[in-house]
Amino acid sequence: MSPEKAIAQALRMAEEGADIVDVGGESTRPGARPVSAQEEMDRVLPVVEALHARIPQPVSIDTSKPEVMRAAVAAGAGFINDVQALRTDGALAAATELNVPVCLMHMRGEPRTMQDKPEYADVVGEVRVFLKERLDACMNAGIPASRIVVDPGFGFGKTLEHNIELLRGLKKLQGLGAAVLVGLSRKSMIGKALGLPVEQRLHASVALAVMAVQQGARIVRVHDVGPTVEAVRMWEAVYPWGRLG
Ligand code: 7PM
């Protein structure tokens with residue numbers, strides 16, 4: 001995607017009510033080609049800079065590389081989204097020094113092979129243990145829990161059944177003491193459950209976002225901001241105390 005197109009898309013998201021806008025320069029798609037830190041920076045820095053100058057919302061940098069984290073925060077990013085949960089060499093130290101909130105995501109395996117028959121005895125329990133370990137590692141490095149967000153990583157080394165179990169059990173991730181973020185938007189679990197191609201997953205994505213909020217998610221990472229904001233606001237009008245009951 002060109003920087004101009006990425007900027008236009010992000011501005012639209014901000015206008016439609018996004019509280020954070022996530023910018024990434026490397027695909028996490030199974031089988032995607034890895035890119036160098038330099039290539040990633042060339043892609044994201046102009047976008048981060050332009051957005052930081054034009055919108056009041058924090059710009060999130062979606063990266064696992066410490067060099068990219070540092071350069072993006074210098075360019076104005078105010079949030080780090082790491083699908084590797086700061087396990088890359090140097091990433092934990094970089095995030096600690098940079099003093100911005102971080103999202104720690106669970107992934108089983110690596111993007112290239114993660115969908116080759118993932119197995120769990122207890123997916124919710126195993127994801128919870130992983131997130132607790134990463135949260136402890138961050139807190140030991142000096143990042144306060146108030147600056148950490150945890151994410152079960154829907155679709156990252158999980159079958160449809162695993163993803164459904166995770167959504168049903170999402171409340172079990174709340175006791176960790178960090179806010180919960182989820183990304184369900186347009187994901188292949190919708191394709192698998194309903195037999196829909198990616199361009200026809202809007203309604204199911206909005207439904208899943210509301211279900212996640214209902215189960216305690218504090219941040220939802222979505223593509224279709226306007227429709228999702230409308231649906232979540234309606235949920236909040238019905239449950240102003242913030243949960244079912
Ligand atoms: C291909 C495969 C295209 C996967 C796009 C994706 C998440 C994320 C992504 C998530 C956090 C997508 C994903 N998903 N970061 N980045 N949580 N924190 O559907 O669930 O956007 S990429």
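S185 lies in the loop that runs between strand 6 (179–183) and helix 7 (188–194). Helices (H or I, at least four residues) and strands (E, at least two) are DSSP runs, numbered from the N terminus. The model is a predicted one, in which local features need pLDDT of at least 70 and side-chain atom pairs count only at pLDDT 80 or more, while totals for chains, interfaces and linings use all residues. Residues are numbered from 1 along each chain as its sequence is written, and side-chain values use heavy atoms, with hydrogens and water left out.

S185 has a relative accessible area of 5% and is therefore buried; buried means under 20% relative accessible area, exposed over 50%, and partly exposed in between, with a 1.4 Å probe and protein chains only. Apart from neighbours within four places in sequence, S185 is in contact with S205, R221, V222, H223 and D224, where contact means heavy atoms within 4.5 Å. From S185 to H203 the C-alpha distance is 9.8 Å, and the two are 18 residues apart in sequence.

The residue before this serine in the numbering, L184, belongs to the nonpolar interior. L184 is listed with L51, I80, L86, F154, L170 and V182 as the residues that touch the most other members of the largest nonpolar core, which has 66 residues. Such a core is a set of buried Ala, Val, Leu, Ile, Met, Phe, Trp, Tyr and Cys residues joined through side-chain atoms within 4.5 Å. Residues up to four places away in sequence aside, L184 touches F154, L167, M189, I190, L208, A212 and R221. A second core, separate from it, has five residues, among them V83, M105, M107 and M114. In soluble globular proteins, nonpolar side chains tend to be buried together.

L86, one of the core residues named above, sits in the loop between strand 3 and helix 4. Its relative accessible area is 2%, so L86 counts as buried. A85 is found in that loop between strand 3 and helix 4 as well, and A85 is buried because its relative accessible area is 0%. Most residues other than glycine have a negative phi. A85, which is not a glycine, has a positive phi of about 55°, and L86, also not a glycine, has a positive phi of about 65°.

The loop leads into helix 4 (residues 91–98), whose buried residues are A91, A94, A95, T96 and L98. An α-helix has 3.6 residues a turn, so residues three or four places apart point the same way. What do the buried residues of helix 4 pack against? They pack against helix 3 (66–74), strand 3 (79–82), strand 4 (102–105) and helix 5 (123–141). Just after helix 4, N99 takes a positive phi of about 60°.

Two glutamates offer another view of the fold. E40 is in helix 2 (residues 37–54), and its relative accessibility of 1% is why E40 counts as buried. Leaving out residues up to four places away in sequence, E40 touches G25, E26, V35, D62, T63, K65 and V68. E15, in helix 1 (residues 3–15), is exposed, with a relative accessible area of 73%. E15 and I55 are 40 residues apart along the chain, and their C-alpha atoms are separated by 8.9 Å.

A145 is found in the loop between helix 5 and strand 5 (148–151). Its relative accessible area is 25%, so A145 is partly exposed. Not counting residues up to four places away in sequence, A145 touches M139 and G177. A145 and D122 are 23 residues apart in sequence and 25 Å apart in space, C-alpha to C-alpha.

The remaining values describe the whole chain. The protein contains nine helices and seven strands. Its C-alpha trace spans about 45 × 35 × 35 Å along the principal axes. The radius of gyration is 17 Å, which agrees with the value near 18 Å for a compact globule of 245 residues; this radius is taken over C-alpha atoms, and the globule rule is 2.2 Å times the number of residues to the power 0.38. Of the 245 residues, 47% count as buried. Among contacts with a separation of 6 or more, 65% are between residues 24 or more positions apart.
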